Every structure is written in C-alpha cells, then in structure tokens.
Amino acid sequence: MSQPIDSSYLDLDTKDKTFLDSTEMVLNMGPQHPSTHGVLRVILKLDGEKVLGTECVIGYLHRGVEKIGENRTYTMFNPYVDRMDYVAAVSNGLGYCETVEKLLSVEAPPRAQYIRVIMTELCRIASHQVWLGTHALDIGAITPLFYAFRDREEILRIFEKYCGARLTTHAFRIGGCIYEVYDGFEEDVKKYCTFFLPKLDEYEELLTTNRIWVTRTKGVGILKPEDSIALGVTGPVLRASGVKWDLRKAQPYECYKDLDFEIPTGMNGDTYDRYLVRIAEMRQSVRILQQAVERIPTGPIMAKVPKVIKPPVGEVYHSIEAPKGELGYFIVSDGSTQPYRVRVRPPSFVNLQALDSMVRGMLVADVVAVIGTLDIVLGEVDR
Amino acid sequence: MPEESKGPGSVSPLPEGAKAPAEAASPDKAPAPAADVKLPSAVSPLTESKPTEAAKSAAPVPAFAAKPAAAPKPPAAPAKPAGPVPEPWESELVTALKQQYGSGILEASRYLGQRCLIVDSSILPEILRRMRAEEGFDYCVDITAVHYPKREQQFDIVYVLYSFPNNERIRVKTRVKDGDHIPSAFPIWPTANWLEREVFDMFGIVFDGHPGLKRILLPEDWRGHPLRKDYDILQQDKEWVQINLGIESGQ
C-alpha cells in the first residue's frame, strides 16, 4: 500500500510523449455491449473518463417495417407492428389499429375500448418493469431485475390467457378486439393490482433511498424542459423534465377521458427523476386498471368493419402514449387494400437522439446510466 | 353498405369530439391576437378590403369553436356519403398566410379533423420558422416523405408539428422533384437531425445545411433508397445480402 509507485516510465520527455499527450480517445461501445440494450453502438470521444461527444450507430435491427407495410394489406400488417417495440407490443398494436380506424372513420365499441385500455396499461407496467430491471442491472443492482421480471411474469400470464401469446400479442384488430375476455379476467386483473402495489413498494425500498443508486442517478443526464421540447423527446423522459404532457390527457383516445389518473412529473430532469416518474406512472396505471376493470361495459367488441379493409383515399396521423413516449403512425391510403405509405414515429428513435446532449461532460459510467434511463428498445429504434 | 357508411359517419364525431374543442378553440384563441397584431401593422395599409375579410372570417369563428360548428358545416358540403372528404380549412392563420405568401400556399385543408397545409418548397423554411416562432409549434413530431413516382414533383415532404401551448397539431407539406434539395429544419428544431437523416436514407432527399447528412439505418455502402416506390422489394437480397452475407435469397 505504502510502497511508492515507480513513475519513471511517465517521464514526459521521452519519445512516448505523443501517446501520453494525446488526451482524446475514441472508444467503441457496443454493438454487443450488454448495457446497450441490444445492438446499439455508441462511439465515444473521451478525454480520460470524461465524455466529449458521442455518436450513435444504429440500424443493426433494421427490418424495413415501413416497406413491409406497403406490401401487405392493412390486416396483414397488424402483427408486424408488434415486433417494433417488442416489450410493449400491445401499445404498438393499439396505435396501428386506432390509426386505421381513424382512416375508416370507425370507432371501437365501448367494451372493446375498456379491454384495450386494460391490456395497454398492463403492458405499460410490464414495459416499465423491464426498464427498471435492466436499468438497475446496468448500474450495478442485480436484485431489482429478478424482482421486476418475477412480477412481470404475472402480466404475461394474463396476456397468454387472453390471446395465447406472451410477448408479441397481436391482441387487437382493426375495429376492436377479436377475443372476448376469458372467464376470470377481471379477477385476474384485480388480483394483479393488489399483488403488485406492495411489490412496487419493494422496488422502491431497494432503490429510492439506496445511496449507490442515488449517487449514480442524481444529477446525471440532465435534460432541461426547453431542451427536451427542442429535441422532441416524449414520454417519461419529457415528464421528468417537468413538462406535464401525456397524450392520454392532452388528446384522449379510447376511454381514457372517463378514467381518473394523474400525470406524474419530475423537477430536475435527471436520471433519478425519470426513475421516480416511471415508478409513479406504474402506480397510476394500477389506478387506471382498478377503475377500468370495474367498469367494463357489456356489448359488442368489434365495430362494423368490412372484411376487406379499403380505407378511402386520404392520409392520417395518429399517435398514442406508448410506455416510451409518443408513438405515431402516419398512414397514406390510396383507396386500395394496401397502405400506400406507413410511417411509424417511434418514440425510442427520437428519444435516443437526446443521448449526446445528455452525456456530454459526464463520465463513461454515466453513459450506461443514461442509455438505461432513456428506455430504448432497439427493435423500435431501427424498425 | 349504406349502414356501414352511415354508422361510422354518425360515430366519427365522437373521437373528434374530444379533440375538436381543444383543436378548434385554441387556434382561434391563441393565434388570433397574433394575427390581429400583425395585420394592422403590416398589411392593412396596403389593402382596404382585407380587414373586412378578416372580420368576415372572424365572425364565424365563435361558431366554429363550439359544438354547433358541426351543424353549419354539413350544408356546405352535402354530398359526402361516400366517406370523409377533405374540406377547405379556413382560419385566421390561413388567411394571414395567404395574404403574406399568396400562391405559395397551395392548399389548406382539413381531413378527419386534421389540418394540413401544403406550401411551395421555396417558402418552406419561412413557413416553418414562422410556425415555430410565432404560432407556437415548438415540437416537431415527425418528418417524413411519401413517394409518388407518377407525379412531376415526386416527393411529398411531411412535417408533423405540435404546439404545447395550444395543444394542436398541424401537418405542413411540400412537394419536391427528384434531385431537388430542400433546406434543413435542424436550425429550427434540433430533433430534425435524425428524422432528416432517415428521410435521406430512405428516399434520397438532400437537406441543405444539415450538420451530418448520411445514412442512419442502412449500411453506408447501401445502394438505392428503399422507400421509393421503384425500389424492388427483392433488390436488397440481390444487391446487398448476397454480396455481403453470401446467402441466397429465401424469397
């Protein structure tokens, strides 16, 4: 310990000067780095530990979803959208179905709306659980991963019982839902709500006041409200900056206007606030679930939609509040059975763009924290 | 069939109903003072008739903002059982823009309650800057393009904008020929950076003044722009997959 370090090799007057003097270094992070959540590659320009700039290289998961959409009928394209944000497949499907319904000037019947909202909120919780587990794992806390995935399993079980699939659910159809809820669905959802709230406290016990967690997240990756708006970030990332904006409230779709819930916001726009906002959001989702499950009306679950879907000529942009932010679809119809153009406005793609301004001047370890807090899914970034 | 088209027709106000008050009420409330302030100072000395026009358009505004708006509208376009038809969108913003830019504003329409403005590509940057600075559209939701190979101006560039203060959306579109450059919106909304890169990648449209216009989703040596309509869906198998990965197409 007390042995003096031999620093003769650090003699700056030797020929190694060029090497030692060069303060800038370019480091490649990913695409196989475990903390990049899939296949994101970040080229870091560093000065020691300090980040001078970043460049994201994306596209490793590009499957040409928009091109596929142009070559499939409206109905056939529906399952494909589940493969974008695969941890929140239900939300993707909801956004797509609603957009086509808008083109057709159809609205899902009330019963279908409630089923959709319940499924989507369950999916929001599941998505946030994946975020929580992986984000905490990136920062060094292993336990939350097991807790979160253990509790997510119950949601996936409900999904499986409802539509037979756990991940890429294809739960909704254009015009409503194809499946009636199974016997005991309401009980399952209620049971989940009572089961999950104490679990949420458990997560908070592990992290909210944990000194390592607080040190690693407070003041890291700050986004000011004006910057978040300029960069177009949405979802919890925007709300943690203090902008109280949620599409479920701002431009309500489905039956959200009948349900009572709040929009949690943060104050500092740092990683810690984004954590708090998402935790609070899960509580709000439970609140929505508890109300919605009591109020599911009776009636049909499918609107009158022709077998062959041929929307009139026109174009429409519609967006929903996905767990990651504003998920928008811009569909151009030429009156045929296939969309002329499908554009997906992916929240992860736009949010990821903020990475550079969030990590400049911070440390390499913070890059990992910020990637985690942005909650990106590369399947959606690359499409 | 008649039931089908009637059913949706009667239902369609519902989803809009939620949005319509916000969408209709806020533009009249918010940009109105802005237009009023501008009109007298910049335009009114030029033309006498304009203020009366503005007054005329201002008169139906309160009716437009409230629910009864639905009642006076249908008589204007009674023949629409086939489906929703784009109707002209009139507002103070449009009148003000038309006064200022004249024929540069090619079309202002509403379709299914969504407002769309088609402008000439020469005035696009001015319009976008104005939308950002004066009309409160502080959030650029999306930039994308649509390819119409049969048209002379083959590409529609679509800007989806949203205003946080007014809770309203608008689409600004422009049309460009193949090979035309258009100015980047990056100085106006930093979020345009990646969105424009994607449009470049997929459609080959060049944005002037963009800080680093290069492919974003596809490899840099990729040939062609996949979302163009003339890009064959099998082309990638022949052009890239076979050469770089050495696997035969399964298609």
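This section describes domains, helix packing, strand pairing and the chain interface in a predicted model.

We may begin with the domains of chain A. The assignment divides this chain into domain 1, residues 8-57, and domain 2, residues 65-382. Taken over C-alpha atoms, the centres of the two domains of chain A are separated by 35 Å. Contact between them involves 16 residues of domain 1 and 17 residues of domain 2. On the domain 1 side, strand E2 (41-47) and strand E3 (50-57) of chain A each supply at least two residues, and E3(A) gives the most, with five residues. By class, this side of domain 1 of chain A has eight nonpolar, six polar and two charged residues.

Two helix pairs of chain A come next. The axes of helix H6 (residues 143-163) and helix H7 (residues 185-207) of chain A come within 10 Å and cross at roughly 170°. That angle makes H6(A) roughly antiparallel to H7(A), because angles over 145 degrees count as such. From H6(A), the contacting residues include A:Tyr147, A:Ile155, A:Ile158 and A:Tyr162, while those from H7(A) include A:Phe185, A:Phe195, A:Phe196 and A:Leu206. Charged residues also take part, among them A:Asp151 and A:Glu154 of H6(A) and A:Lys199 and A:Glu202 of H7(A). In full, the contact of H6(A) with H7(A) has 14 nonpolar, one polar and five charged residues.

In the other pair, helix H5 (residues 110-139) of chain A meets helix H15 (residues 364-374) of chain A, with axes that come within 9 Å and cross at roughly 180°. H5(A) and H15(A) are therefore roughly antiparallel to each other. Here H5(A) contributes A:Thr134, A:His135, A:Asp138 and A:Ile139, and H15(A) contributes A:Val368, A:Ala369, A:Gly372 and A:Thr373. The classes in this contact of H5(A) with H15(A) are three nonpolar, four polar and one charged.

Chain A also has an open sheet of three strands, in the order E6-E7-E8 with antiparallel pairing. Strand E6 (314-322) and strand E8 (341-345) of chain A each have a single partner strand at the sheet edges, so one side of each is left without a neighbour in the sheet. Direction ignored, neighbouring strands of this sheet are turned by 15° against each other on average. Strand E7 (residues 325-333) of chain A is joined to E8(A) by five bridges, and A:Ile331 has A:Val342 in E8(A) as its bridge partner. Helix H4 (residues 89-104) of chain A packs on the sheet, where it touches E6 and E7 of chain A, and its direction makes about 150° with that of E6(A).

Turning to chain B, strand E2 (residues 105-111) and strand E3 (residues 114-119) of this chain run antiparallel and are joined by six bridges. B:Ser109 has B:Cys116 of E3(B) as its bridge partner. Two residues lie between the strands of this hairpin of E2(B) and E3(B), in which B:Leu112 takes a positive phi near 55°. E3(B) is also joined by four bridges to strand E6 (residues 168-176) of chain B, and these two run parallel. The partner of B:Val119 in E6(B) is B:Thr174.

Finally, the chains meet through 39 residues of chain B and 38 residues of chain A. The elements of chain B that each supply at least two residues to its side include helix H1 (2-11), helix H2 (13-29) and strand E4 (139-147). The largest share, six residues, comes from E4(B). The residues on this side of chain B divide into 25 nonpolar, nine polar and five charged.

Conventions: Residues are numbered from 1 along each chain as its sequence is written. Chains are lettered from A and ligands numbered from 1 in the order in which they are written. This is a predicted model: local features need pLDDT of at least 70, side-chain atom pairs count only at pLDDT 80 or more; totals for chains, interfaces and linings use all residues. Axes are lines fitted to C-alpha atoms, for helices over the stretch in contact, and angles run from 0 to 180 degrees between N-to-C directions. Angles under 35 degrees count as roughly parallel, over 145 as roughly antiparallel, 65 to 115 as roughly perpendicular and the rest as oblique. Two residues are in contact if their C-beta atoms, placed from the backbone, lie within 7 Å. Two strands pair if DSSP finds at least two bridges between them. Domain bounds come from an automatic or database domain assignment.
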